[in-house]
Structure formats: structure tokens, C-alpha cells
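Let's walk through this structure together, from its domains to its chain contacts and a few backbone details. Have the sequence and the 3D view at hand as you read.

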There are 2 protein chains.
Amino acid sequence: MTQIRLTPLVASLPATVPFVGPETQERLRGRPFRARLGANENGFGPSPRAIAAMAAAAGEAWMYGDPENHDLKVALAHAHGCGVENVVVGEGIDGLLGTLCRMVLKPGDAVVTSEGAYPTFNFHVAGFGGVLHKAPYRNDAEDPEALLALAQQVRPKLLYIANPDNPMASHHPGAVIAAMLDHLPEGTLMVLDEAYVELAPEGTAAPVAADDPRVIRMRTFSKAHGLAGARVGYALGAAPLIAAFDKIRNHFGISRISQAGTLAALSDTTWQVYMRRLVAASRDRIAAIAADNGLSALPSATNFVAVDCGGDGAFARAVLEELTAADIFVRKPAVAPMDRCIRISCGPEAEMAALAKALPGALDRARERSR
Amino acid sequence: MTQIRLTPLVASLPATVPFVGPETQERLRGRPFRARLGANENGFGPSPRAIAAMAAAAGEAWMYGDPENHDLKVALAHAHGCGVENVVVGEGIDGLLGTLCRMVLKPGDAVVTSEGAYPTFNFHVAGFGGVLHKAPYRNDAEDPEALLALAQQVRPKLLYIANPDNPMASHHPGAVIAAMLDHLPEGTLMVLDEAYVELAPEGTAAPVAADDPRVIRMRTFSKAHGLAGARVGYALGAAPLIAAFDKIRNHFGISRISQAGTLAALSDTTWQVYMRRLVAASRDRIAAIAADNGLSALPSATNFVAVDCGGDGAFARAVLEELTAADIFVRKPAVAPMDRCIRISCGPEAEMAALAKALPGALDRARERSR
């Protein structure tokens with residue numbers, strides 16, 4: 001009998017995955033959630049133009065999508081005022097992070113990120129044998145100075161920072177991020193994850209040229225554009241780096257329907273303004289629900305809000321479990337002291353009302369459990 | 001200025017890609033094709049149930065797809081009479097081949113395939129530093145004996161064979177493929193690409209248990225199911241091998257709309273029977289068009305037909321170029337002696353009529369050029 005001969009690296013990797021989906025939880029629970037507020041999806045949905053474009057494209061799904069993603073890249077280059085050669089489209093930021101790690105990491109190469117930052121980045125770094133070095137958060141935010149100091153020590157291939165941050169929804173002015181570039185060690189590429197930046201205050205997007213070779217910026221249609229299910233992200237970077245993606249990426253990886261939907265979403269600038277207002281209103285609504293229950297919401301530059309449950313990580317975990325039992329799907333940060341919070345995605349009023357109804361009881365039961 | 005530090009392996013890879021899409025050709029030509037018959041897409045389209053399911057799912061695209069692809073995997077396991085633990089879903093067979101290469105190949109590892117076989121497999125092997133060893137085709141078909149003899153020599157990690165074959169549309173009885181397993185060297189995994197098998201004669205699918213550890217079988221929704229644009233393929237294999245995909249794959253890589261469409265397509269067995277008949281009729285139609293022009297069509301077990309242009313590779317290339325100039329998109333094998341053929345995908349009568357109209361003139365002009 002033939003043995004399966006995995007590489008030593010892959011054989012050594014754990015079986016864990018970055019995120020368990022709400023569908024898995026629903027199967028385990030035996031019933032659906034009433035409010036899906038845990039994955040930082042955008043329950044307000046995409047532009048109606050995008051929905052119409054995708055519905056129309058369903059009949060064309062017998063054709064492969066354009067492997068160059070040409071029309072979408074042209075539109076993105078136009079939107080960002082850069083060249084098409086500075087844009088690569090991939091299967092979500094997750095897919096692009098995996099390809100990037102493959103492009104630059106050899107086993108043993110150092111990588112810098114923050115303790116408690118995006119786990120899927122860590123998943124891909126580990127998947128190519130990179131060695132993670134982690135700086136702590138400071139005041140519930142990623143700490144540029146600590147990240148740079150750590151980078152000077154370990155001289156990493158990649159330095160990851162998300163702005164705005166996930167899971168805390170905090171942000172730095174884009175100028176702070178741009179200033180970091182002058183202090184990167186030679187040979188370190190900054191991975192700037194701007195997944196949420198369209199929803200952040202003016203000035204949060206880093207004022208950096210798309211072809212700056214010191215940084216690659218990750219963007220997505222999953223958050224502000226409400227198209228998480230389409231699986232389309234993109235990266236902006238220097239042309240030689242962007243060109244290298246073509247050497248190894250899955251060229252036919254993007255659904256043709258998703259190409260049509262994202263192109264339509266990008267064209268609907270009116271909807272984008274409307275969406276920023278809906279999300280801002282929903283952040284306030286979540287903060288008000290928190291306050292009604294004696295909890296405090298942290299400031300948010302994203303489409304989710306970190307709510308401080310007022311205790312330790314175990315207490316916040318209990319609140320999350322009780323919300324889950326009450327059919328409200330939320331998630332929470334994993335690392336202290338941020339783990340005192342739960343993380344609630346913005347969404348339409350029906351979901352907000354369900355949250356408002358469920359939270360008092362969930363808190364009561366969590367407090368009973370912690371007695 | 002920071003230099004981009006690609007790994008030596010990625011830096012060494014060429015900039016070439018496995019396939020240039022028809023959209024790229026259309027942009028270069030400045031006008032669209034009249035008949036899209038080059039990419040072995042299925043112009044008859046998917047089940048109307050699948051189209052309806054995808055159109056309905058467009059409104060749900062704000063949600064990530066289930067990262068476990070649970071419902072689809074359960075349906076596939078049921079269809080194949082195997083366990084869910086024997087099924088993994090990926091971004092087309094292309095995506096799965098890439099992940100598989102990553103799982104088993106270290107730089108320098110040997111891999112066996114056929115000269116002229118699927119180039120995207122070769123792309124991924126090279127992308128992980130594998131060394132390709134190629135057996136020649138025999139009688140326009142992959143040669144099991146030559147592949148096994150080469151495998152005994154080089155003791156590869158992977159042995160790739162497609163049945164039915166692409167680009168020649170030839171096939172072996174499934175029993176021949178199954179018998180190969182008894183002669184694989186210790187430590188060689190067979191990669192059996194059955195992308196077209198639903199369209200092949202009865203008995204072409206290899207009679208092999210899904211959990212046989214000597215083989216991993218690749219299937220797709222792109223061909224018989226008419227959903228190339230959805231980007232969904234799957235692999236059947238032994239549970240430990242299938243589980244290893246989870247250690248490294250892009251868990252959120254499949255579009256939610258594609259999940260809905262493929263699940264609906266799988267349920268429509270009536271449509272699948274209808275599709276096999278349409279494709280069989282179209283194969284005969286292509287053969288008749290070839291015969292009308294003094295050319296011979298090779299027997300086909302797929303949704304495309306290799307047509308022998310009656311000359312050498314340069315002549316077939318000229319025919320292809322003249323068809324392209326007449327707005328007919330076809331492709332051709334790259335390696336002699338198969339390169340004497342052009343490869344024409346099955347499709348609806350409008351495309352067949354366009355082909356029939358364009359072929360005589362294309363042949364005349366190609367013959368003029370070769371004088």
C-alpha cells in the first residue's frame with residue numbers, strides 16, 4: 001500500500017483552521033442563527049447594481065472568467081489612480097496573502113505581526129514555514145513603534161499591519177502608517193491590510209504611491225462593498241512584485257459571476273456613500289445597545305464594533321456563548337487584554353433588534369456563571 | 001529603497017502562463033469571437049436549476065460561503081457512494097492541483113506526466129520546484145505502460161494521467177487505469193484527472209474505491225455540468241490525504257453563489273442525461289463538418305473533438321490562425337504528432353454553423369500560406 005508522502009513542512013502543520021464558519025456552528029447547534037453578526041460581513045448587502053449584474057451573469061457561468069481579470073483591474077487602477085500593472089486580483093485577501101507568503105517566504109524566514117492580529121495571515125505564514133514574531137497591541141491598537149522595533153531586531157521578510165485593525169476596529173491616521181515605511185529594515189516588505197479602510201475616517205488610507213516598493217496594500221470587496229461571498233480581493237504594489245503573482249497564482253481562480261458583480265459594485269459610487277452612512281449609523285446603534293446594558297463600545301473605524309464586556313476574557317467568552325445560545329452569532333478577540341471584548345458586526349435593524357433583545361439575558365446568565 | 005526578495009524558486013520561474021484566455025485575444029483583435037469553441041467550455045450551459053439557484057444566491061453574496069463546503073461535499077459523497085472525509089472541494093481542478101503539489105513536492109522531487117498533457121499541472125509542479133519527466137503519447141492517447149515504465153525509473157512523488165485525455169479526447173477503459181495502480185512504485189501517488197469522465201462511454205470512470213490511498217481523482221463542474229465560470233472542482237481520495245488539504249488550503253476560496261449553483265446542478269440528473277446526448281450530437285456534428293472539408297475527426301470521449309488537419313503542426317497552426325481571423329476561437333495541441341490537429345469544443349448549433357461556414361475559407365487560406 002502506497003504511503004502518503006506529505007512534505008515534512010505540511011506534515012508538521014496542525015489540523016486547526018483560522019475560522020470556524022457560522023454554518024458549522026448552525027449544524028452543531030441544530031438550528032440557524034437569528035442574527036449573523038460575527039464574521040464582519042456586511043448585512044446591508046452589495047449595491048443593487050451588483051446583485052443585478054451577478055444574476056444576469058448566472059446564465060454566462062458556462063464560460064471561464066477572464067484569467068487576467070482585465071476589466072476589473074482597469075477599473076481598480078482608475079479608481080486608485082495607478083497603473084494596471086500595480087493591481088493584482090485574487091480569491092479574497094486570504095488568497096492573496098497565501099500567494100504572497102509563497103512568493104517571499106522560505107522555511108525559517110522571519111515575519112512580524114501583532115499578537116492577536118489577523119489569524120489567516122499567520123495560517124499562511126506557518127503554511128510556508130515562516131517564523132512569526134509578534135508585537136503586543138497598545139491601547140487596543142496595533143503599535144507601529146513596537147512593530148518597527150521588533151522588525152529591527154528580527155529583520156523580517158514581511159511586516160503585517162492592518163489599518164483599520166481587526167479585531168479591535170481601532171485605526172491610525174494613514175500618515176502614521178506611511179511614516180513607518182521610512183523605518184523599515186532593508187529587505188522588509190510591509191503588508192498593509194486595508195480591508196476596512198473605505199469605512200474609516202477620512203485620512204485613514206495610507207498616503208502612499210501604489211508603486212512604492214516598500215509596501216503591498218490589500219483591499220477587498222468583502223466589507224464596504226458587501227460582497228464577502230464573491231471572494232474577490234486585490235492588492236496594490238510595485239509592478240515587479242505584482243507581476244510575480246502571475247508566475248504562481250491560480251489564473252482561473254475568480255468566478256465569472258464575481259467578476260461581473262465586483263465591477264458593477266465599483267461603479268456604484270452613490271451606493272458606497274450610502275453604505276458608509278448605514279454602517280456609521282449601525283456602529284452608533286451597537287454602541288447604544290452596549291450602553292443600555294452598562295457596557296462600553298470601543299470607537300470603530302470599520303463595520304464592526306468591539307464591545308468591552310467589563311470583565312476578563314473568560315467573562316466575555318461566557319457572554320459570547322450565551323449570545324450564541326440565544327441565536328446571535330458574534331466572535332471575540334482571542335488575546336488578553338483585548339479578549340475582554342466581543343466583536344459585533346454592523347447590520348440591518350432586524351439584527352440589531354435581535355441583539356438588543358438577547359443581550360440583557362445573555363449578560364445575566366454570563367454573570368451567574370461567573371459567580 | 002527596499003528590494004523585493006522573492007524566494008529563489010519563485011524568482012527562477014518564467015513569466016509564462018498556462019493558457020491565454022479568449023478575452024485577451026478579443027482585446028488584441030479589437031473584436032469579439034463569433035464562436036467560443038477553444039476552451040472546452042460547455043456552451044449548452046448548466047442546468048436551468050443551477051442558473052436559478054445562482055441568480056437567487058446573488059442577493060446572499062454579502063455572506064461568506066461555508067468554508068467547509070459541507071452541503072456540496074455531502075451531496076458529492078452521496079453521488080459517489082463514499083464518505084464526506086473522502087471529498088475535498090477547491091477552486092477548480094487547477095486550484096486543487098496547485099494545493100496537491102504544495103502538499104507533496106519539495107524542490108527536486110520527480111513527477112511523471114505525458115509530453116503534451118495538461119499544462120496547468122506542469123505549471124504547478126514547476127511552481128513548487130518539482131522536476132517533470134514526460135512519457136510520449138502513443139496512438140494519440142496517453143500510454144499507461146510508458147508512464148509506468150518511466151515511473152519505475154524515476155520513482156516520482158506524483159504520476160499524472162487524464163482519462164479521458166485532454167487535448168486528444170481519447171480514453172482508456174477505467175479498468176486499464178485501475179490496473180495501473182498495482183504497478184505504481186512505492187510512494188508514488190497517481191493523480192487521475194477525470195475532468196471529462198461524465199461525458200465518456202460507460203466504464204471509463206476508473207473502478208477504484210474513493211479511499212484507495214494510491215490515487216487521488218480530480219473531478220469538476222466545468223465540463224459536463226457547464227459551470228466553468230463557477231470555479232468549483234473536487235477531489236476524491238483517502239481520508240488522510242484529503243484531510244491534509246485543510247492544513248493549507250484557502251478555506252474561504254469558493255464563491256457562495258457557486259456553492260448554490262453546483263449543488264443545484266448536481267441534483268438535476270435529468271439535465272445530466274440530456275447534456276450527454278447534446279454533447280454526443282455535437283461531437284458528430286463537428287466530425288461531419290470536418291468530413292465535409294476532407295478532414296478527419298478523432299474519436300472523442302469528451303465535449304471537444306481533435307480534428308486532424310491532414311498536415312504537420314505548422315499547417316494546423318495556420319488553420320487555427322485563419323479560423324481565429326474569421327472570429328472562431330479554437331485551440332490546438334502543442335506537441336508533435338498531436339499538433340497536426342486543432343481542438344474544437346462542442347456547442348450549440350449557432351456556433352457549429354459559424355464553424356461550418358468559416359472552415360472552408362480558413363483551410364483555403366492556410367493551404368495558400370503553406371505553398
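## Domains, chain contacts and backbone details

The UniProt annotation "domain: Aminotransferase class I/classII large", from an unreviewed entry, covers residues 37–359 of chain A. Please keep in mind that this is a predicted model. Within it, residues 37–359 of chain A are 41% helix and 15% strand, and the end C-alpha atoms of the span lie 13 Å apart.

**Two domains in chain A**

The domain assignment divides chain A into domain 1 (20–45 + 270–369) and domain 2 (48–267). Domain 1 of chain A is thus written as two segments, 20–45 and 270–369. If you look for the C-alpha centres of domain 1 and domain 2 of chain A, you will find them 25 Å apart. Their contact takes 25 residues from domain 1 of chain A and 25 residues from domain 2 of chain A.

How much area is buried between domain 1 and domain 2 of chain A? The value is about 1900 Å², and carbon and sulfur atoms give 62% of it. Gln272(A), Ala301(A) and Met338(A) are good residues to display here: they supply 28% of the area that domain 1 of chain A buries against domain 2 of chain A, more than any other three residues.

Polar links cross this boundary too. Ten residue pairs are in polar contact between domain 1 and domain 2 of chain A. On the side of domain 1 of chain A that touches domain 2, the elements giving two or more residues are α11 (269–292), β10 (304–308) and β12 (341–345) of chain A. Among them, α11(A) gives the most, with six residues. By type, the residues on this side of domain 1 of chain A comprise 13 nonpolar, seven polar and five charged. One salt bridge is found across the interface of domain 1 and domain 2 of chain A.

**Where chain B meets chain A**

Now bring the other chain into view. Chain B places 88 residues in contact with 88 residues of chain A. The size of an interface is often given as the accessible area lost when the parts come together. Between chain B and chain A, that buried area is about 7100 Å², with 61% coming from carbon and sulfur atoms. Trp62(B), Tyr64(B) and Lys247(B) supply 12% of the area that chain B buries against chain A, more than any other three residues.

There are 38 residue pairs in polar contact across the interface of chain B and chain A. Several helices of chain B give two or more residues to the side that touches chain A, including α1 (8–12), α2 (22–29), α3 (48–57) and α4 (70–80). Which element of chain B gives the most to this side? That is α9(B), with six residues. The side of chain B that touches chain A divides into 42 nonpolar, 24 polar and 22 charged residues.

**Salt bridges**

Side chains of opposite charge can pair when their charged atoms come close. Over all chains, a search of the whole structure finds 44 salt bridges, and six salt bridges lie across the interface of chain B and chain A. Here are three pairs to pick out on screen.

| Salt bridge | Closest N and O atoms |
|---|---|
| Asp140(A) with Arg340(A) | 2.6 Å apart |
| Asp66(A) with Arg27(B) | 3.1 Å apart |
| Arg29(A) with Asp327(A) | 2.8 Å apart |

The salt bridge between Arg29(A) and Asp327(A) invites a closer look. Arg29(A) lies in helix α2 (residues 22–29) of chain A and Asp327(A) in the loop between α12 (313–325) and β11 (328–329) of chain A, so the pair ties together parts that are 298 residues apart in sequence.

**Backbone details**

Most residues other than glycine have a negative phi, and most peptide bonds are trans. Against that background, a cis peptide bond joins Asn163(A) and Pro164(A), with omega about -5°. Pro164(A) is found in the loop between β5 (158–162) and α8 (174–180) of chain A. Another cis peptide bond joins Asn166(A) and Pro167(A), where omega is about 25°. Pro167(A) is likewise found in the loop between β5 and α8 of chain A.

Asn69(A) has a positive phi of about 50° although it is not a glycine. To find Asn69(A), follow chain A to the loop between α3 (48–57) and α4 (70–80).

Notes:
Residues are numbered from 1 along each chain as its sequence is written. Chains are lettered from A and ligands numbered from 1 in the order in which they are written. This is a predicted model: local features need pLDDT of at least 70, side-chain atom pairs count only at pLDDT 80 or more; totals for chains, interfaces and linings use all residues. Side-chain values use heavy atoms; hydrogens and water are left out. Domain bounds come from an automatic or database domain assignment. Contact means heavy atoms within 4.5 Å. Buried area is the accessible area (1.4 Å probe) that two parts lose on being put together, summed over both. A salt bridge is a side-chain nitrogen of Lys or Arg within 4 Å of a carboxyl oxygen of Asp or Glu. A polar contact is a pair of N or O atoms within 3.5 Å; within protein, one must be able to donate a hydrogen and the other to accept it, and residues adjacent in sequence count only if both atoms are side-chain atoms. Helices (H or I, at least four residues) and strands (E, at least two) are DSSP runs, numbered from the N terminus. Ala, Val, Leu, Ile, Met, Phe, Trp, Tyr, Cys and Pro count as nonpolar, Asp, Glu, Lys and Arg as charged, and the others, Gly among them, as polar. UniProt positions are given in the numbering used here, feature names are shortened, and annotations may be inferred rather than shown by experiment.
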